[in-house]
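Student: I've got a structure on my screen and a few labels I'd like to see justified. Can we go through them?

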Amino acid sequence: MKIDIVTIFPEIAEAPLKSSIMGRATDAGIVEFGFHNLRDFTKDKHRQVDDIPYGGGPGMVMKAEPFFDAIGKLKTDRSKVLLMTPQGTPFVQAKAVEFSRIDHLIILCGHYEGVDHRVVEALVDEEISIGDYVLTNGTIAAAVVADAVVRLIPGVLGDDASSEVESFSGDGKRIEAPQYTRPADFRGMMVPDVLLSGHHQAIAEWRDLRAEERTRENRPDLLD
Ligand code: JFE
């Protein structure tokens, strides 16, 4: 899979996607990231990517032409073009699964108050939001999408972690039971006895009960 990210801050997307598991997926040849500076697609001497909004109002709007030129260079017949925006459709695990089956993603990142709408109309397949809060720009959101997508590609996670992938994508979504590791007594805070019992049936029942409780407490929206 190839993922191209177009932004005026490529270094913001590069750091998380060159590190850790994303870096290893790249080294293994499973994914190829392209980080593109939108200013490299400008033609004027000031490399201007923004301008004042038609109709007036505060702030600046991203110009159309640099995005058109970036897409002109990057897009193939296998590409899907995403635009990060707080006005997009919510990015959820099912979307990550869908995108993980695509050959080539191009993720456009705005800045300032948004992007000339002709970019959306002519170039963008899907406008995506990572959540109902407003970031300063789309680059961190693009890195979030890329990370969530790439970890689903076979071979990126160990076999052990891969089965866990299912737990937030199916129907019966719920929070997982609490986890503990050694020591059993940490500064007087004890691991629940049942987890040390070796009684697999009892452990399964305890986890089911605690998962249900925690879902009701933290994510009541997931329960019908
Ligand atoms: C941009 C901004 C005021 C945008 C366009 C480009 N989920 C999510 N939250 N925030 C974003 C995505 C996001 C994505 C791209 C962005 C925010 N901004 C800032 C500020 C109004 C805006 O509407 C610029």
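Tutor: Sure, but keep in mind that this is a predicted model. Where do you want to start?

Student: With the ligand: what makes Gln-87 a polar contact of the ligand?

Tutor: The cut-off is 3.5 Å between N or O atoms. An N or O atom in the Gln-87 side chain is 3.4 Å from a ligand oxygen, so the pair counts.

Student: And how do you know that Ser-129 and Ile-130 make polar contacts with the ligand?

Tutor: Same test. For Ser-129, a side-chain N or O atom is 3.2 Å from a nitrogen atom of the ligand. For Ile-130, a backbone N or O atom lies 3.1 Å from a ligand nitrogen. Both values are within 3.5 Å, so both pairs qualify. On its own the ligand has 520 Å² of accessible area, and the protein covers 87% of that.

Student: What surrounds the ligand?

Tutor: There are 18 residues around it, with Tyr-112, Ile-130, Gly-131, Tyr-133 and Leu-135 the closest. Strand E5, residues 79-90, gives the most to this shell, four residues.

Student: Why does Gly-131 count as polar in that shell?

Tutor: Because the classes put Gly with the polar residues. By class, the shell has ten polar, seven nonpolar and one charged residues.

Student: Why is the bond before Pro-183 called out?

Tutor: Omega from Arg-182 to Pro-183 is near 5 degrees, which is cis. Most peptide bonds are trans, so this one is set apart. Pro-183 sits in the loop between helix H7 (159-162) and strand E8 (185-186).

Student: And what makes Ser-20 worth a look?

Tutor: Its phi is positive, about 55 degrees, and Ser-20 is not a glycine. Most residues other than glycine have a negative phi. You'll find Ser-20 in helix H2, residues 20-27.

Note on methods: Residues are numbered from 1 along each chain as its sequence is written. This is a predicted model: local features need pLDDT of at least 70, side-chain atom pairs count only at pLDDT 80 or more; totals for chains, interfaces and linings use all residues. Side-chain values use heavy atoms; hydrogens and water are left out. A residue is near a molecule or strand if one of its heavy atoms lies within 4 Å of it. A polar contact is a pair of N or O atoms within 3.5 Å; within protein, one must be able to donate a hydrogen and the other to accept it, and residues adjacent in sequence count only if both atoms are side-chain atoms. Accessible areas come from the Shrake-Rupley method with a 1.4 Å probe; for residues, only the protein chains shown count as cover. Helices (H or I, at least four residues) and strands (E, at least two) are DSSP runs, numbered from the N terminus.
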